[in-house]
Amino acid sequence: MHTNKKRMRIRLMLPALLLMALLAGCSGSGSAQGTSEDGRVLVTATTGMIGDAAREIGGDLVEVTTLMGPGVDPHLFKASQGDIRKLDRAKIVFYGGLHLEGNMERILEKMAQQKTVVAVTENMPKDRLLGSEGSEEYDPHVWFDVNLWKTAAESVRDTLIAEDPANEAAYREQGERYLRELEELDAYVRERMLEIPEKGRVLVTAHDAFGYFGQAYGVEVVGLQGISTAAEFGARDVSALRDYLVERGIQAVFVESSLPARSMEAIVAGAARQGHEVVIGGELFSDAMGEPGTQEGTYLGMIRHNADTIAEALK
Ligand code: ZN
């Protein structure tokens, strides 16, 4: 998913330039001070996970708009005119960075000349970042290490304080509460993974999103991309992964909410033909949260859902 990025970036240059022209026309036409009519700070975030942190820490003092809803792939996301307006009217823009929003980088750079635009991964210790397979860039899926994600929440808190110092005490208090919840979640995920026998702590998914999860919680992560170098998933890949599953005694693989289930269904069918029963252990949320109003529609709920699904299927 990350390897074609260079080529894609060049191909998308032209539309990006058009958007920049549009952006230049828009600038200054939004809410002048970046506040809502009832005086709340307008915040626009790219992914749901980042928007959720801003909502938790900002509380009633902020109005948060998130660009990417359930099931949206941030690697491929392109900002529409409506999205540009949402960025334009905000006082603060938060994004993931580390090239997560590969097609939005030019727009975000342009926005940064007009207002506060913050990559929430900006202050993460570099020695805790993982490399991205087949490239020199960092893996952007940092939210799966809950303890590391605390630094993203701290960036959100510190930015809110800097932009709205009159309400510093409230941001600190709400930030403390949220950081405590993240600590509890981190401990919860760790405990649930320990329920799985050590030999079976293997997470098999279609996409390369779970590297930080594996590193933080002692789970070996196997993505199809790590096993096959071919773009198309073929019979040889099925048998290679099937042999691996049989050898390790792994009985469940996982599908992701923002990707088609096809490739994982092929693994299950391939294994069954060879007499090894593998089931789809459930659906994990990877690059987007669930529907608003559900448990999985929050960062805490999404991570908890993933940990529960993995533990129940593999223990
Ligand atoms: Zn991803």
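Start at the second largest cavity of this predicted model, whose lining residues divide into six nonpolar, one polar and two charged. To bring that lining into view, select A206, F254, V255, E256, P260, A261, R262, S263 and M264. Colouring by secondary structure then helps, since two elements, strand β7 (252-256) and helix α11 (262-273), each supply at least two residues of this lining. The space that the residues enclose has a volume of about 30 Å³.

Next, turn to the other cavity. A search of the whole structure finds two cavities of 30 Å³ or more, and the largest holds about 50 Å³ of space. Select T47, I50, G96, G97, L100, T121, P140, V142, W143 and W149, the residues that line the largest cavity. By class, six of these lining residues are nonpolar and four are polar, while no charged residue takes part.

Keep I50 and W149 selected, as both belong to the lining of the largest cavity and both also appear in the contact between helices α3 and α6, with I50 on the α3 side and W149 on the α6 side. Extend the selection to the whole of α3 (residues 48-58) and α6 (residues 146-163), which pack with their axes 10 Å apart at an angle of about 55°. That angle makes α3 oblique to α6, and the crossing of the two helices is right-handed. Showing side chains at the contact, you will find M49, I50, A53, A54, I57 and G58 of α3 meeting W149, A153, V156, R157 and L160 of α6. Sorted by class, the residues of this contact comprise nine nonpolar, one polar and one charged.

For the last stop, hide the previous selection and display helix α7 (residues 168-194) together with helix α12 (residues 299-314), whose axes come within 9 Å and cross at roughly 10°. How is α7 oriented with respect to α12, roughly parallel or oblique? The crossing angle makes α7 roughly parallel to α12. From α7, select Y178, E181, L182, L185, Y188, V189, R192 and M193, and from α12 select Y299, L300, I303, R304, A307, D308, I310, A311 and E312, since these residues make the contact. When coloured by class, the contact of α7 with α12 shows 12 nonpolar and five charged residues, with no polar ones.

Definitions and conventions. Residues numbered from 1 in each chain as written. Predicted model: local features only at pLDDT ≥ 70, side-chain atom pairs only at ≥ 80, totals over all residues. Heavy atoms only, no water. 1 Å grid on protein atoms, 1.4 Å probe; cavity = no way out; pocket = protein on both sides within 12 Å on 5 of 7 lines; lining within 4 Å. Points joined across faces, edges and corners; volume = space filled by probe spheres on them. Nonpolar A, V, L, I, M, F, W, Y, C, P; charged D, E, K, R; others polar. Helix = DSSP H or I, 4+ residues; strand = E, 2+ residues; numbered from the N terminus. Axes fitted to C-alpha atoms, helices over the stretch in contact; angles between N-to-C directions. Parallel < 35°, antiparallel > 145°, perpendicular 65-115°, else oblique. Left-handed = near helix turned anticlockwise from the far one by under 90°. Contact = heavy atoms within 4.5 Å.
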